[in-house]
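I opened the notebook to record what I looked up, chain by chain and then across the interface. The entries follow the order of my queries.

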Amino acid sequence: MPEEERQIDAARRGDLDAFNWLVLRYQNRVYNLCYRMLSDPDSAADATQEAFLSAWKAMPRFKGEQFRTWLLRIATNGCLDVLRSRKRRPTQSLDSWGPQDGSEDALEPLPIADLDPSIDPEGYALRSETVAAIQVGLDLLPDDQRTALVLVDVQGLTYEEAASVTGANLGTVKSRINRARSRMRDYLRERGIVPSGGELSRQAQRSISDET
Amino acid sequence: MSKGYENNPINGSEHVREQLSDYMDGLLTAGERAAVRAHMDGCVDCRADYIELRATQQALRSMPAVAAPRAFTLTPEMARQARKVSLLERIFSHGNAPKLATGSVVAFLVLFLVMANSNFTGPQSSAALMAQPSAKQAPTQGLSEAAPVSPNDRSSESPDASAAQAQSTSTSAAPSAGGSASGTSPEEPTIAAGAAGDSSANSQTTTSGLTDGTASPPNAEITNSENSSPTTTTMKVPSSEPDNPTTTYALTAPTSPNDNTSPTAASDSSTGWIALQVGLLALGLALAVGAYIAWRRV
């Protein structure tokens with residue numbers, strides 16, 4: 001996209017309008033990342049603004065990589081800083097983040113019918129309670145696993161991009177994703193968001209043995 | 001979930017739990033893929049795992065995108081504030097690392113020379129000290145113009161110059177000073193010093209604003225010109241001074257040798273001598289650390 005490259009080049013040379021063009025282009029993506037990482041709209045907005053300020057500051061030194069990756073790396077590091085500072089001040093964190101109002105409901109088991117693995121993922125929308133429950137599940141993951149899972153499965157980045165954003169190597173990203181999915185799976189199954197695969201699996205087994 | 005896992009050896013193949021995530025993302029080789037699929041055909045548990053894992057991924061992928069609540073564009077004011085860099089950040093910027101390192105090397109060099117001199121001949125031969133670094137710094141200009149200028153300076157400035165040996169060495173120092181700028185004798189030491197500190201001049205200018213280290217070179221000048229009588233020691237000590245302002249740390253270094261040596265006679269000079277060495281050591285170390293810090297910053 002030559003237009004974007006032109007704007008990036010201008011922004012590097014200190015053109016604020018060009019930079020703001022980039023802000024408008026990427027703010028939804030950055031905000032979404034921050035929102036899934038911090039699970040709180042206000043913190044996410046702060047982190048997003050902070051990320052763009054940092055990006056503006058570092059803009060003259062930007063070179064030779066995907067702008068999106070570079071920007072998401074700044075945002076991710078900012079979110080991780082916020083998460084770390086929350087852990088240092090646990091009293092404050094209880095008010096400002098984590099399980100929001102109504103999260104108790106979200107922890108209740110949800111109807112299994114809410115999610116059917118045979119349905120195309122793009123073809124249906126999750127119910128809001130399900131979304132809230134998944135967000136709580138993300139919050140329960142260790143920071144590095146949550147980061148990897150948000151980047152790859154929620155944001156749709158490739159493993160390579162996620163590795164570049166987090167500064168980890170590919171193998172590390174893979175194993176973080178692996179562990180994060182397992183934990184998430186357990187969490188969602190306990191709440192009935194993900195159906196227990198056992199019955200489906202056994203049905204499939206029966207049909208196989210019936211055929212033979 | 002692990003129930004029956006152990007006593008369910010299907011096809012004699014191992015369970016593929018660990019590979020399911022990669023399998024899902026198509027990260028396995030063709031052979032591995034086939035093996036996983038073959039295993040899952042017979043293994044209820046691994047298939048169940050896979051079904052759940054797929055559902056988990058779908059749930060995550062279906063997380064709705066949230067719209068940014070507002071525009072995050074920067075105002076000119078925000079942009080200006082963000083770009084403001086503190087003085088410290090500017091000093092320890094990545095680009096300054098070579099200058100800081102050079103300053104450190106110079107400080108250690110001077111320290112080495114000071115120590116070498118104090119060991120052999122004591123404080124008195126200070127002129128030699130000054131001679132060496134300056135000669136080192138400006139060898140080219142010094143040689144040609146050395147002869148005519150130096151004898152004059154010598155005589156007018158320090159009639160009671162200590163040792164013959166010191167004098168001989170100091171003549172080599174003087175030329176470089178005279179060659180570099182003015183011919184007036186009282187200023188000579190400072191000029192020579194300036195030449196000595198030249199290599200670190202850049203870092204000097206950037207850092208000097210931070211502390212009152214800048215105040216010391218002028219002081220040194222004044223004391224020199226006023227009491228022309230004291231031995232070459234007096235002049236020598238200030239001469240090494242301009243190196244000191246290079247850092248922000250070594251606050252003690254610029255002031256203490258000055259106070260000790262210049263106003264009083266050579267009797268106090270040994271303490272000043274030690275202070276100078278300690279100061280130079282601290283300066284050199286501080287600059288080295290500073291250079292390292294600056295280097296690490298990107």
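**Entry 1: a tyrosine in chain B**

I count two residues as touching if their C-beta atoms, placed from the backbone, lie within 7 Å. The model is a predicted one. With that cut-off I looked up B:Y23, and leaving out residues up to four places away in sequence, I found that B:Y23 touches B:L28, B:R33 and B:V36. B:Y23 sits in helix α1 of chain B. I then asked whether B:Y23 is buried or exposed. B:Y23 counts as buried because 20 C-beta neighbours lie inside 10 Å. I also checked B:Y23 against B:Y50: the two are 27 residues apart in sequence, and their C-alpha atoms are 9.2 Å apart in space.

**Entry 2: chain B overall**

I went from the one residue to its chain. Chain B has 15 helices and zero strands. Of its 298 residues, 44% are buried. I took the contacts in chain B with a separation of 6 or more and found that 78% of them join residues 24 or more positions apart.

**Entry 3: chain A overall**

I ran the same queries on chain A. I found 11 helices and zero strands, so the order of elements from the N terminus is simply α-α-α-α-α-α-α-α-α-α-α. Buried residues come to 38% of the 212 in chain A. Among contacts in chain A with a separation of 6 or more, 64% are between residues 24 or more positions apart.

**Entry 4: the start of chain A**

I looked at how helix α1 (residues 2-12) of chain A meets α2(A). Their axes come within 7 Å and cross at roughly 130°. α1(A) and α2(A) are therefore oblique to each other. The crossing of α1(A) past α2(A) is left-handed. On the α1(A) side I listed A:Q7, A:I8, A:A10 and A:A11, which meet A:A18, A:F19, A:W21 and A:L22 in α2(A). Sorted by class, this contact has seven nonpolar residues, one polar and no charged.

**Entry 5: two loop residues in chain A**

I looked up A:S39, which lies in the loop between α2 and α3 (41-58) of chain A. Most residues other than glycine have a negative phi. A:S39 is not a glycine, yet its phi is positive, at about 45°. A:S39 counts as buried because it has 20 C-beta neighbours inside 10 Å.

My second loop residue was A:I193, found between α10 (170-190) and α11 (197-211) of chain A. A:I193 is buried, since 28 other C-beta atoms lie within 10 Å. I compared A:I193 with A:E129: they are 64 residues apart along the chain, and their C-alpha atoms are separated by 10.0 Å.

**Entry 6: nonpolar cores**

Which residues touch the most other members of the largest nonpolar core? The core has 68 residues, and the answer I got was A:C34, A:A75 and A:L149. Helix α2 (residues 16-38) of chain A gives the largest share of this core, 11 residues. Another core lies apart from it, with 17 residues, among them B:F92, B:L100, B:L283 and B:L287.

I followed A:L149 further. Leaving aside neighbours within four places in sequence, its contacts include A:L138, A:L141, A:I177 and A:M184 in chain A, and B:L60 in chain B.

**Entry 7: between the chains**

The contact of A:L149 with B:L60 sent me to the helices concerned. Helix α8 (residues 143-154) of chain A packs with helix α3 (residues 44-61) of chain B at an angle of about 80°, their axes 8 Å apart. α8(A) and α3(B) are therefore roughly perpendicular to each other. I noted A:L149, A:D153 and A:V154 on the α8(A) side, and B:Q57, B:L60 and B:R61 on the α3(B) side. By class, I have three nonpolar, one polar and two charged residues in this contact.

For the two chains as wholes, I found 34 residues of chain B in contact with 47 residues of chain A. On the chain B side, the elements giving two or more residues are α1 (20-24), α3 and α4 (76-83). α3(B) gives the largest share of that side, 15 residues. By class, the chain B side has 21 nonpolar, six polar and seven charged residues.

Key:
Residues are numbered from 1 along each chain as its sequence is written. Chains are lettered from A and ligands numbered from 1 in the order in which they are written. This is a predicted model: local features need pLDDT of at least 70, side-chain atom pairs count only at pLDDT 80 or more; totals for chains, interfaces and linings use all residues. Helices (H or I, at least four residues) and strands (E, at least two) are DSSP runs, numbered from the N terminus. A residue is buried if 20 or more other C-beta atoms lie within 10 Å of its own, exposed if 12 or fewer, and partly exposed in between; C-beta atoms are placed from the backbone. Axes are lines fitted to C-alpha atoms, for helices over the stretch in contact, and angles run from 0 to 180 degrees between N-to-C directions. Angles under 35 degrees count as roughly parallel, over 145 as roughly antiparallel, 65 to 115 as roughly perpendicular and the rest as oblique. Ala, Val, Leu, Ile, Met, Phe, Trp, Tyr, Cys and Pro count as nonpolar, Asp, Glu, Lys and Arg as charged, and the others, Gly among them, as polar. A nonpolar core is a set of buried Ala, Val, Leu, Ile, Met, Phe, Trp, Tyr and Cys residues joined through C-beta atoms within 7 Å. A crossing is left-handed if the near helix is turned anticlockwise from the far one by less than a right angle, and right-handed if clockwise.
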